[in-house]
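Dear colleague,

I am passing on the structure below, and after it you will find some notes on what turned up when I went through it. Please keep it open while you read, so that you can look up each residue as it comes.

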Amino acid sequence: MSSGVDTDVIVVGAGPVGLMLACELRLAGVRCIVLEKSTEPTDQTRALGFTARTIETFDQRGLLPRFGGFDTIPIGHFGGVPLDYREVPGGSYGAKGVPQSLTTAVLNDWAGELGVEVRRGWEVTDLDAGADTVEVTVTGPEGPGRLRAAYLAGCDGGRSTVRKKAGIDFPGHDATIEMAFAEVVGVTGIRPRPNGERVEGGMVLAFQQGPDIFRVTYYDAGVVPRKSDEPPSFDEVAAAWLRLTGEDIRGGTPRWIGKFTDATRQASQYRKGRVFLAGDAAHIHLPIGGQGMSAGVQDAVNLGWKLALAVKGRAPQGLLDTYHAERHPVGARVLINTLTQRSLYITGEHMQPMRELFTELTALPEVRTHLIGMVTGLDIRYDMTAGDHPLLGRRLPGTELVEETGERGEHGKTTTLQLLHSARGVLLDLTGDARVREAAAGWQDRVDIVSASPHAPDGHDPFEGAAALLVRPDGHVAWAARPGAGPAGLTGALTHWFGKAVTAA
């Protein structure tokens, strides 16, 4: 840890994004403190799942068993236009029926196991970012104070104090519509509408969330978006539901009520010096399909390993700038697709020609694949330094491997996702090429070297003919060798992403 600081990284916000980032840092041996102004974790449930790419992201860290199992979504829609997600590898939109409160609890438990220090009841009120450190002013249980770190990450939501105090612009537009939702216990007579329905005067969605719990969500075209964060009363919700559907839910008891809007904004910079933004602090939009939380978790996994290398003095020049360069375009695509879905899904009959056109377009396989890749996050591709292999910049496909282990060449089974559990880079030698392994020897403190081959009984090659792959800790392929190419370009890719080699004495 640098001298004169209280910790290496201060993370503001203990939601899924802040906790994921803190855990990524701890996996890399970096000290961090998470500051959260709420005294207790929320039990409210905004997102009710996460995308297919986020399933993989959690699987890369061995977290999926902690969720206790969940269903996935094989068939859904884009703005009300049907889509069958089984057309792409993975076969689903993502996880279904996983409340955000559970995701937060899973990550909070993991953070505790990794030694993350979470300070609840601590609110950041100001910050001072210098050339070498960042200092925050806080109000905590024992009064005001100050903390200093090498870096600061704002994961503190759409009204981010970190973003405002860092002077980072948040361009976009204010709300034009308001939607409300409620979890209601003990209500009967509701017809499930899991994919939503346009009705006269708005849109309604309803599904069973538990044995005696329904979640109702609606858009009432007659409601002007409120300026305050206060949700509507249950009387307002019940009256709107009766008006839009004819169903009476007044006999139920609300567990909680919330609202959201189509306010859409994106930070102009995800990095300003030693200050970073992730999650809703960096991008807000209409919450369709849990894309916001999913994008935020992936922000954290993209940033964590890069920040850790910087703390350890191993980051190559420009590495931290790649966080904005890679994640800002991803966030922009989320904003574009959620605004498009809003227009298709919940606006009036004047949009019917557009819906008919989208229905016609989705008859084309390439259009369906494009839309599925966009909303699931499975088609994210980052720019890499060189090469033309189809996997370059894309996520490492999840597949079983037969791994060579031990000095006598014993074999065992593993998966590509298991190789990433430690949040380190991976050099995957697929053809037993000693030259490739030797070329990476100077990076073994940051990169695991693995000899394996895909377990593919059907003969399908998930690696599209690659002889070796360099995979970043976030699961994206940074270098790929074609058969016979040997280690050409490997040392350049390793240096570009992981810094200089360590030479043995």
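R274 lies over the face of Y151, at 4.7 Å from the centre of the ring, and in this predicted model there is another arginine placed over a ring, since the charged end of R163 sits over F170, 3.6 Å from the ring centre.

Aromatic rings also meet one another here, and the structure holds 14 aromatic pairs. In one of them, F50 and F58, the ring centres are 5.1 Å apart and the planes stand at 85 degrees, which is over 60 and therefore makes the pair edge-to-face; both of these residues are buried. F58 also pairs with F67, with centres 5.4 Å apart and planes at 35 degrees, so that this pair counts as tilted, and F67 is buried, as F58 is. Together with F70, the residues F50, F58 and F67 form one aromatic cluster.

You may also want to look at the second largest pocket, which has a volume of about 800 Å³ and is lined by 30 residues, with E56, P89, G90, R395 and P397 lying nearest its centre. The elements that give two or more residues to this lining are α2 (52–60) and α9 (365–376), and by class the lining has 12 nonpolar, 10 polar and 8 charged residues.

Helix α9 is also the place of R368, a residue that counts as buried because its relative accessibility is 17%, under the 20% cut-off. Apart from neighbours within four places in sequence, R368 is in contact with L83, E87, T362 and A363.

Best wishes

Note on methods: Residues numbered from 1 in each chain as written. Predicted model: local features only at pLDDT ≥ 70, side-chain atom pairs only at ≥ 80, totals over all residues. Heavy atoms only, no water. 1 Å grid on protein atoms, 1.4 Å probe; cavity = no way out; pocket = protein on both sides within 12 Å on 5 of 7 lines; lining within 4 Å. Points joined across faces, edges and corners; volume = space filled by probe spheres on them. Helix = DSSP H or I, 4+ residues; strand = E, 2+ residues; numbered from the N terminus. Nonpolar A, V, L, I, M, F, W, Y, C, P; charged D, E, K, R; others polar. Buried < 20%, exposed > 50% of the residue type's maximum accessible area, 1.4 Å probe, protein only. Contact = heavy atoms within 4.5 Å. Phe/Tyr/Trp six-rings, centres within 6.5 Å; stacked < 30°, edge-to-face > 60°. Lys NZ or Arg CZ within 6 Å of the ring centre and 35° of its normal.
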